[in-house]
Amino acid sequence: MDRAKQREIASKGGKAAHQKGTAHEWTSEEARDAGRKGGIASHQRRREQTGEQTGDERAVEMESSGSSPSSSSSKMGSERDSSNSDRTSSESPMPSERDE
């Protein structure tokens, strides 16, 4: 069966389920999880097709060749940590319901 015909049949089934009231309706949490999983799968597939290595694979390769990882990754980590310290103590949290 060609894709267009299959899609048309599935569309009719989905519309009928909604009219009947038995169709699945996604919660925001379910949709978020599905999107995250799809993004992970898509990026993983792209890496496999292009032959790119993950960070873990690069680290293992560097260890076996005796190379040390560049210091830029440790710098990025410290910059990220210091950005959180830019907050001043004058920023107060939202008042709780009890304070009102």
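# A guided tour of a four-helix model

Begin with the whole protein chain and colour by confidence: pLDDT, the predictor's confidence in each residue from 0 to 100, averages 74 over the chain, and 56% of the residues score at least 70. This is a predicted model, in which local features need pLDDT of at least 70 and side-chain atom pairs count only at pLDDT 80 or more, while totals for chains, interfaces and linings use all residues. Residues are numbered from 1 along each chain as its sequence is written, and side-chain values use heavy atoms, with hydrogens and water left out.

Now switch to a cartoon view, where the protein chain shows four helices and zero strands, in the order α-α-α-α along the sequence. Helices (H or I, at least four residues) and strands (E, at least two) are DSSP runs, numbered from the N terminus.

Select helix 1, residues 3-20, where the mean confidence is highest, at 95. The expected span of a helix is 1.5 Å times one less than its number of residues, so the 18 residues of helix 1 should cover 26 Å, which agrees with the 26 Å between its end C-alpha atoms. Just after helix 1 comes Gly21, which has a positive phi near 90°.

Within helix 1, show the side chains of Lys12 and Glu8, which form a salt bridge at 3.6 Å, N to O; the term means a side-chain nitrogen of Lys or Arg within 4 Å of a carboxyl oxygen of Asp or Glu. By this rule the count is one salt bridge. Side chains of opposite charge can pair when their charged atoms come close. Because Lys12 and Glu8 are four residues apart in helix 1, about one helical turn separates them. Lys12 is exposed, at 56% relative accessibility, whereas Glu8 is partly exposed, at 40%; buried means under 20% relative accessible area, exposed over 50%, and partly exposed in between (1.4 Å probe, protein chains only).

Next, select His24, in the loop between helix 1 and helix 2 (28-50), and find its side chain in a polar contact of 3.3 Å with that of Glu30. A polar contact is a pair of N or O atoms within 3.5 Å; within protein, one must be able to donate a hydrogen and the other to accept it, and residues adjacent in sequence count only if both atoms are side-chain atoms.

Continue along helix 2, whose 23 residues should span 33 Å, in agreement with the 33 Å between its end C-alpha atoms. Helix 2 is followed by Gly51, with a positive phi near 80°.

Finish at helix 4 (residues 72-84), where the mean confidence is lowest, at 47.
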